[in-house]
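Subject: Handing over the structure

Hello,

Here is the structure I promised to pass on to you. Please have a look at it first, and then read on for my notes.

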Amino acid sequence: MRKYLLIAGIGLSLVLAWCSKTTAPVENDSTPNTESWTQTQDLSLNNPEMCANAIKDHLAKADLKGKGTKTVEKGHQIVVHYVGRLDEEIVFDTSVEDVAKACGKHTPGRNYNEGLAFTVGAGQMIAWFDKGVEGMKIGQTKTVTIPAKEAYGEWSKDNIIEVERTQLPAWEYQKGMKLMSAMGQPFTVYEIKEKTVVLDANHELAGKDLIFDITLVEIK
């Protein structure tokens, strides 16, 4: 564990990001303006059963055979819908609005009708996702499982840092609280001590195998 990292030295002014019911931050001169606060979500769900049923309904409606003879190749510009999940009842991201609502991942203002567009083989997606769509036909749904090391990497103790409270805003920190630096780096409060706060800089999905249910909508 790296001790007492001088976060101020790298310009790390933290911005609070709530993802659970916690006490509001303490207001004082060191607290950022509320206009700069952001909000993120963790992987917890209020109703796992509802989420699981929504995923099943979505997959049941998908045409597993696909349509036409044209298949996806490198260089094709395509549009897909996807459900990104850890298991049968935990979704971390999705372009399917019904699933997003049921699984607590709905983002107001997002146009769920447009799906996800990208160029195959251009490095815009996680490599296994990119490779997984090759050979698909329009209307086909395919499930791709990506090992943690090929997704966001393994969870590492090297990414646990201990920071003096004097280097942080005077908030009421709680374990699991999500923070984001001014540079856009996310942190999770890992442990709280008397004079320090221990932060986890691992990606939220580090150490987790990812499952993607991908439906091909269009080949441009």
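Let me begin with the disulfide, which joins Cys-51 to Cys-103 with its sulfur atoms 2.0 Å apart. Please keep in mind throughout that this is a predicted model. The count of disulfides comes to one. In general, such a link is a covalent bond between the sulfur atoms of two cysteines. Where do the two partners sit? Cys-51 lies in helix H1 (residues 48–61) and Cys-103 in the loop between H2 and S5, so the disulfide ties together parts of the chain that are 52 residues apart in sequence. The torsion about the S-S bond of Cys-51 and Cys-103 is about 95°, which makes the disulfide right-handed. Are these cysteines buried or exposed? Cys-51 is buried, at 0% relative accessibility, and Cys-103 is buried too, at 1%.

Next, the charged pairs. Side chains of opposite charge can pair when their charged atoms come close. Searching the whole structure turns up six salt bridges, and I will walk you through some of them.

One of them is formed by Arg-110 and Asp-93, whose closest N and O atoms are 3.5 Å apart. Arg-110 belongs to the loop between helix H2 (97–102) and strand S5 (116–119), while Asp-93 belongs to strand S4 (residues 91–94), so this pair ties together parts that are 17 residues apart in sequence. Arg-110 is partly exposed, with a relative accessible area of 31%, and Asp-93 is also partly exposed, at 28%.

Helix H2 has a salt bridge of its own to show you: the side chains of Glu-97 and Lys-101 meet at 3.9 Å, N to O. These two residues are four apart in helix H2, so about one helical turn separates them. Glu-97 is partly exposed, with a relative accessible area of 30%. Lys-101 has a relative accessible area of 52% and counts as exposed, because the cut-off for that class is over 50%.

Further along the chain, Lys-178 and Glu-204 form a salt bridge at 4.0 Å, N to O. This pair links distant parts of the chain, 26 residues apart: Lys-178 is in strand S8 (residues 178–181), and Glu-204 is in the loop between strand S10 (196–200) and S11. Which of the two partners is buried? Lys-178 is, at 13% relative accessibility, whereas Glu-204 is partly exposed, at 30%.

Now for the interior. The largest nonpolar core has 19 residues, and those with the most contacts inside it are Val-72, Ile-78, Phe-129, Val-133, Phe-212 and Ile-214. Which elements give two or more residues to this core? They are strand S3 (77–85), strand S6 (141–146) and strand S11 (210–219). Of these, S11 gives the most, with five residues.

Phe-129 is a good residue to click on when you explore this core. Leaving aside residues up to four places away in sequence, Phe-129 touches Val-80, Leu-116, Phe-118, Ile-146, Phe-212 and Ile-214. There is also a second, separate core, made up of twelve residues, and among them are Ile-161, Met-177, Val-197 and Ala-201.

If you want a place to start, try the disulfide between Cys-51 and Cys-103, then the contacts around Phe-129. Enjoy exploring!

Best wishes

Note on methods
Residues are numbered from 1 along each chain as its sequence is written. This is a predicted model: local features need pLDDT of at least 70, side-chain atom pairs count only at pLDDT 80 or more; totals for chains, interfaces and linings use all residues. Side-chain values use heavy atoms; hydrogens and water are left out. A nonpolar core is a set of buried Ala, Val, Leu, Ile, Met, Phe, Trp, Tyr and Cys residues joined through side-chain atoms within 4.5 Å. Buried means under 20% relative accessible area, exposed over 50%, partly exposed in between (1.4 Å probe, protein chains only). Contact means heavy atoms within 4.5 Å. A disulfide is a pair of cysteine sulfur atoms within 2.5 Å.
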